[in-house]
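Please look through the sequence and the model below before reading on. The paragraphs that follow start from the interior and work outward to a pocket and a loop.

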Amino acid sequence: NDVLPVASGGLYPGLVPALMKFFGNDFVIQAGGGIHGHTEGSVSGAKAMRQAVDATMQEISLKEYAETHKELRTAIELWK
């Protein structure tokens, strides 16, 4: 049977590019604090995480993608 690797512990949107480089596209990002710790709330944290994944999949730097995605921009500032 196939299984998915799980990355967990201290994860936040800024780590997504490195995680995806290591694991590829098929893995679980278990990022409770990296979502719920977002200063604008959990919904914004979830959006920021998704934006980080989208940027990485499109091969756009998080910094560049954050210019037009406020949730990711806030997350990058929060978790420097």
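**From the core to the pocket**

In this predicted model, the largest nonpolar core is made up of 15 residues, and those with the most contacts inside it are V16 and L72. Two or more residues of this core are given by each of the elements α1 (16-23), α3 and α4 (62-66), and the largest share, four residues, is the contribution of α3. As a general background, nonpolar side chains tend to be buried together in soluble globular proteins. For V16, once residues up to four places away in sequence are set aside, the contacts are with I29, M49, A52, V53 and T56.

Helix α3 therefore deserves a closer look, since the largest share of the core comes from it under the helix assignment used here. The helix runs over residues 42-57, and its 16 residues reach 23 Å from the first C-alpha to the last, which is close to the 22 Å expected at 1.5 Å a residue. Within α3, the buried residues are S44, G45, A48, M49, Q51, A52, V53, A55 and T56, and what covers them includes α1, β2 (28-30), α2 (32-36), α4 and α5 (70-78).

Two residues of α3 show what this covering looks like in detail. Q51, which has its place in helix α3, has a relative accessible area of 9% and therefore counts as buried, the cut-off being under 20%. Leaving aside neighbours within four places in sequence, Q51 is in contact with Y65, H69, E71 and L72, and L72 is one of the two residues with the most contacts inside the core. V53, also a residue of helix α3, is buried with a relative accessible area of 13%; beyond residues up to four places away in sequence, V53 touches V16, M20 and I29. V53 and F27 are 26 residues apart in sequence, and their C-alpha atoms lie 12 Å apart in space.

Both V53 and F27 are found again in the lining of the largest pocket, which consists of M20, N25, F27, I29, M49, R50, V53 and M57. The volume of this pocket is about 160 Å³. Which helix gives the largest share of its lining? That helix is α3, with four residues. By character, the lining residues divide into six nonpolar, one polar and one charged.

F27 and I29 also lead to a strand, because both are among the residues that A7 touches by the contact criterion of heavy atoms within 4.5 Å. A7 lies in strand β1 (residues 6-8) and is buried, with a relative accessible area of 6%. Not counting residues up to four places away in sequence, A7 touches L19, F23, F27, V28, I29 and Q30. A7 and A31, which are 24 residues apart in sequence, are 8.3 Å apart in space from C-alpha to C-alpha.

The last stop is the loop between α3 and α4, where E59 lies. Is E59 buried or exposed? At 76% relative accessibility, E59 counts as exposed. Just after α3, this residue takes a positive phi of about 60°, although E59 is not a glycine. Most residues other than glycine have a negative phi, and the backbone at E59 is therefore worth inspecting with that general tendency in mind.

Key
Residues numbered from 1 in each chain as written. Predicted model: local features only at pLDDT ≥ 70, side-chain atom pairs only at ≥ 80, totals over all residues. Heavy atoms only, no water. 1 Å grid on protein atoms, 1.4 Å probe; cavity = no way out; pocket = protein on both sides within 12 Å on 5 of 7 lines; lining within 4 Å. Points joined across faces, edges and corners; volume = space filled by probe spheres on them. Nonpolar A, V, L, I, M, F, W, Y, C, P; charged D, E, K, R; others polar. Core = buried A, V, L, I, M, F, W, Y, C linked by side-chain atoms within 4.5 Å. Buried < 20%, exposed > 50% of the residue type's maximum accessible area, 1.4 Å probe, protein only. Expected span 1.5 Å × (residues − 1).
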